[in-house]
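Here are my notes on the model you sent, set out as numbered points. They deal with the packing of the interior and then with the charged pairs.

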Amino acid sequence: AHFTGVSTMATKQQRPKSRDPEKEEREWSAFVAAIQSPPSPTKASSKPYKIAFELYTTEHTYCVKGLDALHEQFYAPLLTVWSPEQVKAVFPSFPTMRALHHGFFQELHGVVASWGADGDDAAGAARVGALFARYAPFFKSYRAFVVAAGTRDARLAAARRGGAADE
């Protein structure tokens, strides 16, 4: 099962209209808790598998230790004290980016976990390539997030001083 909405996003090239964030959080938490890491590469492992495994471990770290920590420590708490518009000004497209990476990670996990089942490195490498090709249009959500970085620090500093987030 994929993180709710992400497989829809990846296949239909659009964000789902109805979302249930609490359900998404429960599904993601259950996935992370139940995940069985693919076998670590050995010296005898093929170079394509080693590369795919490195992508997998990097994406896992980014999702769980990066995006999830950002959500829990900053994004969600800010929603309790700022308006959604103020939070969006500081973290534009963050929910979309987070959902995107959760789905990408789950699909990458499936590819790496089943690597070599058919005895063919080329098939595994092709599945990784197809995954990147399918998600590439959605990585554009980073543009808004990066552009906002110029004002993010000032807005957060103003909020710490007791000012409005949109100063």
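1. A residue is called buried when its relative accessible area is under 20%, exposed when that value is over 50%, and partly exposed in between. Please keep in mind throughout that this is a predicted model.

2. With those limits in hand, K23 is partly exposed, because its relative accessible area is 36%, and E27, at a relative accessible area of 28%, is likewise partly exposed. These two residues form a salt bridge in which the closest N and O atoms are 4.0 Å apart. Both lie in helix α2, where they are 4 residues apart, about one turn of the helix.

3. In total, the structure holds 3 salt bridges. One of them joins R98 to D68, with the closest N and O atoms 3.0 Å apart. Since R98 lies in helix α5 and D68 in helix α3, the pair ties together parts that are 30 residues apart in sequence. Here both partners, R98 and D68, are buried.

4. Another salt bridge is formed by the side chains of R134 and E107, for which the N to O distance is 2.1 Å. R134 belongs to helix α6 and E107 to helix α5, so this pair ties together parts that are 27 residues apart in sequence. The two partners fall into separate accessibility classes, because R134, at 27% relative accessibility, counts as partly exposed, whereas E107, at 14%, counts as buried.

5. Turning to the interior, the largest nonpolar core has 19 residues, and those with the most contacts inside it are Y56, F105, L108, V112, W115 and V128. Two or more residues are given to this core by each of the helices α2 (21-34), α3 (47-81), α5 (94-113) and α6 (121-135). The largest share, 6 residues, comes from α5.

6. F105 deserves a separate entry, and the question to put to the model is which residues F105 touches when those up to four places away in sequence are not counted. On that basis F105 touches W28, F31, I35, Y56, E59, H60 and C63. Of these, Y56 is also listed with F105 among the residues that have the most contacts inside the largest nonpolar core.

7. Finally, apart from the 19-residue core lies another core, of 11 residues, which includes L70, W82, V87 and V90.

How values were computed. Residues numbered from 1 in each chain as written. Predicted model: local features only at pLDDT ≥ 70, side-chain atom pairs only at ≥ 80, totals over all residues. Heavy atoms only, no water. Core = buried A, V, L, I, M, F, W, Y, C linked by side-chain atoms within 4.5 Å. Buried < 20%, exposed > 50% of the residue type's maximum accessible area, 1.4 Å probe, protein only. Contact = heavy atoms within 4.5 Å.
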